[in-house]
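Q: I have a structure open in my viewer and I'd like to learn how to read it. Can we go through it together?

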Number of protein chains: 2
Amino acid sequence: MDIYDHERMRQFFAPKNIAIVGASSRNAWFGNMLNNSERLGSGCCFYPVNPKAEEISGVKAYKSIADLPESVIDFGVVMVKASLAFDAVQQLAKRGIKNLFLISSGYAETGEKGTLQQSELQKYCNENDIKLIGPNCLGFMNVADRYSIFCGGAVEGKFLPGAIGIVGQSGATSEIIATRLLQKMLGISLYITTGNEAVITAEDCIEYLIHDETTRVITGFIEEFRNVTKLKEVTLQAAQKGIPLILIKIGRSDKGSQAARSHTGALSGNDAVLDGFFRQYGIIRVDTIEELIETAGIFTHCSLPAGDGLGIYTLSGGLGGLYADLCSDLGIRLPSFSRQTISRLMAVLPDFAAPDNPLDLTGAGFRSGTEKIFEILGSDENINIIAPLCIPPQGAFDSDLARAINEIFISRMDGIGKTIVPIPFTEMNDHAREYFHKSGVYPIEQPELGFRAIAHLIRYSQFLRKTGNIKEKRENH
Amino acid sequence: MDIYDHERMRQFFAPKNIAIVGASSRNAWFGNMLNNSERLGSGCCFYPVNPKAEEISGVKAYKSIADLPESVIDFGVVMVKASLAFDAVQQLAKRGIKNLFLISSGYAETGEKGTLQQSELQKYCNENDIKLIGPNCLGFMNVADRYSIFCGGAVEGKFLPGAIGIVGQSGATSEIIATRLLQKMLGISLYITTGNEAVITAEDCIEYLIHDETTRVITGFIEEFRNVTKLKEVTLQAAQKGIPLILIKIGRSDKGSQAARSHTGALSGNDAVLDGFFRQYGIIRVDTIEELIETAGIFTHCSLPAGDGLGIYTLSGGLGGLYADLCSDLGIRLPSFSRQTISRLMAVLPDFAAPDNPLDLTGAGFRSGTEKIFEILGSDENINIIAPLCIPPQGAFDSDLARAINEIFISRMDGIGKTIVPIPFTEMNDHAREYFHKSGVYPIEQPELGFRAIAHLIRYSQFLRKTGNIKEKRENH
């Protein structure tokens with residue numbers, strides 16, 4: 001990304017004084033925008049434009065774009081209906097406001113006439129150096145830097161700044177992604193919805209996130225890549241920086257592809273070709289929002305493993321068997337322990353016939369000798385990733401016992417030189433999330449999704465290694 | 001199951017006065033047992049036997065089995081170590097106490113010597129008409145009838161009676177199953193752990209649950225079926241009663257199979273053969289605890305569909321595409337709507353180009369016209385299952401709007417003659433679970449798992465129809 005473009009995009013995603021053309025209390029958009037901005041603690045100022053109102057939601061309104069104060073506004077939001085929007089865009093541009101967000105729907109997603117209107121808009125923006133997001137989207141929320149023109153109403157939870165970028169071609173779906181990330185205390189850098197992408201595309205947003213110096217993991221909900229040449233360029237840049245792209249790309253099925261088409265006017269393309277492309281370029285494709293969240297959680301918290309061997313210890317033989325089956329389904333290797341590891345394990349876990357991987361500590365072993373287990377597995381050279389047992393405190397188990405079990409790996413994980421992915425015995429809740437968050441640990445919340453995420457981590461490490469892009473060692477958390 | 005055996009098992013699972021040989025405050029077993037019994041509100045009386053204590057956890061103790069009161073005790077629990085347990089079993093039997101639970105481990109799961117001890121125990125029990133559960137398990141909890149000798153410490157939540165039976169060969173794993181069911185307000189009939197199954201096997205428990213008149217869905221965590229002949233018999237009985245068996249059977253992988261072997265002494269058998277057997281006998285095999293829970297939830301709440309066509313409506317095109325892809329992966333058919341359905345939909349949802357399945361109500365349609373959608377889909381003969389949008393109240397959406405959206409299907413689902421499986425837009429929480437529970441609805445909590453459960457429901461209906469076992473129409477909830 002050239003320096004001019006990057007700086008322009010940086011300004012785009014940091015709007016300070018924002019005109020809102022068509023702001024009204026008859027729909028939820030402006031109210032949501034104010035509300036999100038306030039929840040984020042942003043210093044954005046809003047200048048609603050509405051010929052029929054003195055004020056909207058307590059904010060002074062202006063009769064027309066011409067009435068807006070001079071040289072103050074650096075960003076324009078247009079929420080009038082599609083037939084009036086182009087005129088508003090032109091008026092804003094003539095006043096020098098060239099960073100825009102067009103909310104309105106009624107463009108390429110509705111058929112031929114809308115497609116023509118969108119082309120006209122696109123041409124005008126390109127010829128006049130206008131950066132525009134939309135139409136038919138919810139805007140963006142720069143959580144890390146605290147700027148928001150986001151007009152969706154469904155992001156729940158505390159807006160936590162962090163290292164995960166979100167690019168959503170579907171507004172509502174990406175709101176679910178943002179909500180789930182926040183619920184799991186996974187912080188967001190910049191969350192952008194792109195809709196029909198008349199000007200700024202998902203590829204542009206991904207490129208920006210790669211270079212924003214905050215984002216370490218990029219997630220996305222994608223219906224169509226409109227610029228595959230650019231996508232190839234940006235994935236190479238991402239690989240060089242070791243920033244993974246974790247994407248849901250719908251359209252595996254005919255129906256899914258059709259839904260994408262009628263939704264944001266996307267042509268979702270030949271899926272098998274795209275899947276091959278993803279593999280070649282190291283893009284991590286996930287099938288569900290839940291898998292995306294677990295994968296983003298593990299990628300933001302774990303070091304890249306030096307190899308593909310996973311070692312597990314748990315307190316139930318039944319769970320061990322369940323985990324082994326899931327790992328086998330996903331092609332995750334559970335190496336047998338070395339002879340030395342086995343004899344060391346037998347010394348600390350009495351009554352043990354033959355310790356195997358996954359290791360069942362048993363009800364007895366689990367209460368004594370466990371503090372050695374983590375170090376013993378850590379010194380086995382066949383094991384690159386350790387999935388230790390962890391216990392959410394305030395559950396069925398005594399809290400002191402739970403903390404003691406967790407401390408075993410929390411206190412030793414930094415020095416051990418392995419990738420650590422804890423597996424909780426009981427279900428995680430908000431209290432447990434906060435507790436583990438403070439320790440810099442992301443426990444997998446559901447074994448199957450967690451193992452899928454581990455498989456992605458292993459494959460991504462292999463991809464970076466193969467393409468010569470692993471330069472430095474990353475530590476856990 | 002013959003009447004004598006069933007009556008004997010009924011008594012077995014309803015213990016009233018229980019001797020606990022080896023009860024002690026040095027381990028958690030007896031304390032857990034008391035605690036679980038109390039939480040369940042059971043009227044069970046406990047008679048701890050310990051030569052060195054006057055009382056244990058506030059309960060009067062007896063020096064020896066001989067000291068126990070005459071003609072009172074109807075059940076014996078043995079928690080002394082394996083080398084002493086056989087003697088205790090014999091002493092109890094000689095006093096006429098022939099319903100037993102042996103907690104201790106150290107039998108077939110530990111190798112040759114333990115296997116011999118277990119055989120000896122088994123032989124004695126069979127020759128002396130002793131029903132025994134264990135060794136190496138956690139006992140059982142008869143939630144529906146309020147009897148418990150359960151000594152596990154990890155079942156969380158309120159013990160809710162209901163229609164789901166649990167058979168667990170792994171104690172800890174089945175505790176997770178019980179906990180998750182309760183968290184999702186799915187009531188339990190009888191929860192049995194079977195461990196090494198010296199006498200009472202998982203097959204025996206399944207047979208009992210089929211005939212207990214309370215259980216409508218049987219779930220299980222299985223490492224090995226020890227009596228395949230009996231399994232065949234009981235699955236036929238289950239099919240005749242339309243009671244589905246929803247089982248995790250570990251051992252798909254070598255490691256999983258090995259884990260099962262060292263855990264409860266199970267030989268987990270050739271998995272491919274078993275998988276074929278499961279399909280032939282209509283046993284629903286699930287891969288994870290999460291899939292088991294969703295499947296049990298849907299089977300207890302939904303009528304069996306008359307065909308395999310699923311119709312979905314949601315408020316986001318992106319989600320519609322995601323759902324379509326997941327359904328395609330799982331072989332779930334999303335039929336196109338009939339011409340009449342399309343024209344009726346276009347009449348109530350203005351600005352609609354071409355309504356398709358999954359149906360995107362869009363942000364506008366979602367607020368008006370939605371009340372007709374459910375009935376329109378309901379009268380389309382291609383659609384047998386409807387997955388309506390539902391909104392957990394007290395989330396990001398206005399609660400009144402959420403309730404109105406939910407009422408659309410809640411108020412109409414009984415008369416519509418279709419299978420109803422709501423899909424929530426935002427994440428479920430305890431409040432939402434209670435709200436939907438009161439309406440007799442089980443929303444799927446994660447789309448992928450929910451669609452897997454729907455696929456199981458469709459295949460199970462097809463199985464019952466093919467084997468001539470659908471006799472009556474079941475209503476939703």
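**Two chains and their domains**

A: Sure, let's start with how the copies are arranged. This is a predicted model. Chain A superposes on chain B (RMSD 0.0 Å) after a rotation of 180° with 0.0 Å of shift along its axis. That is how a two-fold axis relates two copies.

Q: Which surface do the copies use to meet?

A: They meet through the same surface, because 100% of the interface residues of chain A are also interface residues in chain B. The contact takes 56 residues of chain A and 56 residues of chain B.

Q: How do I put a size on an interface like that?

A: People often quote the accessible area that is lost when the parts come together. Here, chain A and chain B bury about 4,200 Å² between them, and carbon and sulfur atoms account for 53% of it. On the chain A side, Lys255(A), Asp325(A) and Glu427(A) lose the most area to chain B, together 15% of what that side buries.

Q: How many salt bridges are there between chain A and chain B?

A: The count is 8 salt bridges. One to look up pairs Arg252(B) with Asp325(A), where the closest N and O atoms are 4.0 Å apart. You can also find 20 residue pairs in polar contact between the two chains.

Q: Which element gives the most to the side of chain A that touches chain B?

A: That's α11(A), with 11 residues. By class, this side of chain A, the one touching chain B, has 20 nonpolar, 21 polar and 15 charged residues.

Q: Now inside one chain. What domains does chain A have?

A: The assignment gives domain 1 (3-298) and domain 2 (304-476) for chain A. Their centres, taken over C-alpha atoms, are 38 Å apart. Where they touch, domain 1 of chain A puts in 25 residues and domain 2 of chain A puts in 22 residues.

Q: What area is buried between domain 1 and domain 2 of chain A?

A: About 1,900 Å², with 64% of it from carbon and sulfur atoms. Met185(A), Glu294(A) and Ile298(A) supply 35% of the area that domain 1 of chain A buries against domain 2 of chain A, more than any other three residues.

Q: And what polar links join these domains?

A: Between domain 1 and domain 2 of chain A there are 2 salt bridges. You can also look at the side chains of Lys184(A) and Glu445(A), which meet in a salt bridge (3.3 Å, N to O). Across the interface of these two domains of chain A, 8 residue pairs are in polar contact. On the side of domain 1 of chain A that touches domain 2 of chain A, α10(A) gives the most, with 7 residues. That side divides into 12 nonpolar, 8 polar and 5 charged residues.

Q: What should I look for in the backbone?

A: Look for exceptions: most peptide bonds are trans, and most residues other than glycine have a negative phi. In chain B, a cis peptide bond joins Gly134(B) and Pro135(B), with omega about -5°. Pro135(B) sits in the loop between β7 (131-133) and β8 (140-142) of chain B. Another cis bond runs from Asn357(B) to Pro358(B), with omega near 0°. You'll find Pro358(B) in the loop between α12 (339-348) and β16 (359-360) of chain B.

Q: Is the phi of Arg146(A) positive or negative?

A: Positive: phi is near 65° in Arg146(A), a residue other than glycine. Arg146(A) is in the loop between β8 (140-142) and β9 (147-148) of chain A.

Note on methods
Residues numbered from 1 in each chain as written. Chains lettered and ligands numbered in written order. Predicted model: local features only at pLDDT ≥ 70, side-chain atom pairs only at ≥ 80, totals over all residues. Heavy atoms only, no water. Least-squares fit on C-alpha atoms with pLDDT ≥ 70 in both. Contact = heavy atoms within 4.5 Å. Domains from an automatic or database assignment. Buried area = accessible area lost by both parts, 1.4 Å probe. Polar contact = N/O pair within 3.5 Å; in protein donor to acceptor, adjacent residues only side chain to side chain. Helix = DSSP H or I, 4+ residues; strand = E, 2+ residues; numbered from the N terminus. Nonpolar A, V, L, I, M, F, W, Y, C, P; charged D, E, K, R; others polar.
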